[in-house]
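Work through the exercises below with the sequence and the structure at hand. Try each task before reading its solution.

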Amino acid sequence: MRMVSINLRKNENVIKLEESAPYDEILTELEIKLVELKKLYQDETTPIRVIGKTLNKEEKIKLQEIIRNYIDVEVSFEMQKGLGLSSIVKPFSKETDISETRFYKGSLRSGQKIEVEGSIIIFGDVNSGAEVMATENIVILGTLRGLAHAGARGNVKATIVAETLDTVQLRIANIIKELVRSESTVKKHVYITVDNNKIKIGNY
């Protein structure tokens with residue numbers, strides 16, 4: 001699997017990191033690629049933009065230091081500061097009827113976390129303490145007890161679908177809905193969307 005790819009452009013060079021690749025392995029491959037990229041720079045000052053895998057603050061700092069050890073130019077990142085819960089960019093309008101979709105076979109246990117670009121279909125449950133986040137749609141062919149966050153980069157047209165809903169919180173884009181968990185609140189065949197800036201739960 002290619003973990004790092006470099007695209008040379010007129011006004012910038014783009015380094016793309018494979019989203020599913022381990023961070024440490026990305027750094028190892030990146031240093032190999034930077035040796036070759038450095039030969040092309042010489043006296044150039046073309047900035048570098050890093051895209052792809054979502055990185056936390058510490059990972060960005062370390063990666064930036066590695067790049068500048070080889071090539072002392074401006075380094076920027078085209079990714080939000082963690083695809084996670086506390087970092088949402090401004091809402092935008094985007095159709096999600098057709099999107100890149102990933103599949104996950106099995107249930108997510110407490111502490112497990114999946115983040116994807118595009119949509120995801122999970123063939124199993126998302127248990128309490130587990131998190132699944134996607135920039136577009138989330139479909140759970142099982143029970144949602146943990147956290148599902150669709151449209152994680154601000155797409156209010158994203159949807160969440162679950163065979164059974166038994167969670168305490170839903171998120172689409174930057175909109176949050178708190179729920180009270182009890183036997184009477186368990187819902188079957190739910191289809192969750194945003195309507196008038198509020199999360200709406202329906203049935204399919």
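## Exercise 1: Salt bridges

Arg153 and Glu117 form a salt bridge, with their closest N and O atoms 2.8 Å apart. The model is a predicted one.

**Task.** Find where Arg153 and Glu117 lie, and state what their pair ties together.

**Solution.**
Step 1. Arg153 is in the loop between strand E10 (147–150) and E11, while Glu117 is in the loop between strand E6 (113–116) and E7.
Step 2. The two residues are 36 apart in sequence, so the pair ties together parts of the chain separated by that many residues.
Step 3. Glu117 has a relative accessible area of 24%. Buried means under 20% and exposed means over 50%, so Glu117 counts as partly exposed.

**Task.** Describe the salt bridge of Lys39 with Glu36 in the same way.

**Solution.**
Step 1. The closest N and O atoms of Lys39 and Glu36 are 3.5 Å apart.
Step 2. Both residues belong to helix H1 (residues 23–41) and are 3 residues apart, about one turn of the helix.
Step 3. Lys39 is exposed, at 52% relative accessible area, whereas Glu36 is partly exposed, at 47%.

**Task.** Give the N to O distance for Lys113 and Glu115, and classify both residues by accessibility.

**Solution.**
Step 1. In this salt bridge the closest N and O atoms are 3.1 Å apart.
Step 2. Lys113 has a relative accessibility of 45% and is partly exposed.
Step 3. Glu115, at 24%, is also partly exposed.

**Task.** How many salt bridges are counted, and which residues are linked in a network?

**Solution.**
Step 1. The count is 8 salt bridges.
Step 2. Arg9, Glu12 and Arg49 are linked by salt bridges in a network.

## Exercise 2: An aromatic pair

**Task.** Decide how the rings of Phe103 and Phe123 are arranged.

**Solution.**
Step 1. A pair of aromatic rings is described by the distance of the centres and the angle of the planes.
Step 2. The count of aromatic pairs is 1. In this pair, the ring centres of Phe103 and Phe123 are 6.1 Å apart and the planes are at 25°.
Step 3. Planes under 30 degrees apart count as stacked, so the pair of Phe103 and Phe123 is stacked.
Step 4. The pair links distant parts of the chain: Phe103 is in strand E5 (residues 101–105) and Phe123 in strand E7, 20 residues apart.

**Task.** Are Phe103 and Phe123 buried or exposed, and which surface patch do they help to make?

**Solution.**
Step 1. Phe103 is exposed, with 57% relative accessibility.
Step 2. Phe123 is partly exposed, with 41%.
Step 3. Phe103, Phe123 and Leu141 make a nonpolar surface patch of about 310 Å².

## Exercise 3: Strand E9 and its neighbours

**Task.** Find the strands that are joined to E9, and say how they run.

**Solution.**
Step 1. E7 (residues 119–123) is joined to E9 by 3 bridges, and the two run parallel. One bridge pairs Ile122 with Ile140 of E9.
Step 2. E11 (residues 160–165) is joined to E9 by 5 bridges, again running parallel. Here Thr143 has Thr164 of E11 as its bridge partner.
Step 3. E9 (residues 138–144) is mostly covered, with 5 of its 7 residues buried.

**Task.** Is Thr143 buried or exposed, and which residues does Thr143 touch?

**Solution.**
Step 1. Thr143 lies in E9. Its relative accessibility is 13%, so Thr143 counts as buried.
Step 2. Leaving out residues up to four places away in sequence, Thr143 touches Gly124, Asp125, Val126, Thr164 and Asp166.

## Exercise 4: Positive phi

**Task.** Where do His189 and Asn196 lie, and what are their phi values?

**Solution.**
Step 1. His189 is in strand E14 (residues 187–195). Its phi is near 50°, a positive value in a residue other than glycine.
Step 2. Asn196 is in the loop between E14 and strand E15 (198–203). Asn196 is not a glycine, yet its phi is positive, about 55°.
Step 3. His189 is partly exposed, at 37% relative accessible area, while Asn196 is exposed, at 66%.

Definitions and conventions:
Residues numbered from 1 in each chain as written. Predicted model: local features only at pLDDT ≥ 70, side-chain atom pairs only at ≥ 80, totals over all residues. Heavy atoms only, no water. Buried < 20%, exposed > 50% of the residue type's maximum accessible area, 1.4 Å probe, protein only. Helix = DSSP H or I, 4+ residues; strand = E, 2+ residues; numbered from the N terminus. Pairing = 2+ DSSP bridges. Phe/Tyr/Trp six-rings, centres within 6.5 Å; stacked < 30°, edge-to-face > 60°. Patch = residues over 30% accessible without salt bridge, like charges linked within 9 Å, V, L, I, M, F, W, Y side chains within 5 Å. Areas by Shrake-Rupley, 256 points an atom, 1.4 Å probe, with all protein chains shown as cover. Salt bridge = Lys/Arg side-chain N within 4 Å of Asp/Glu carboxyl O. Contact = heavy atoms within 4.5 Å.
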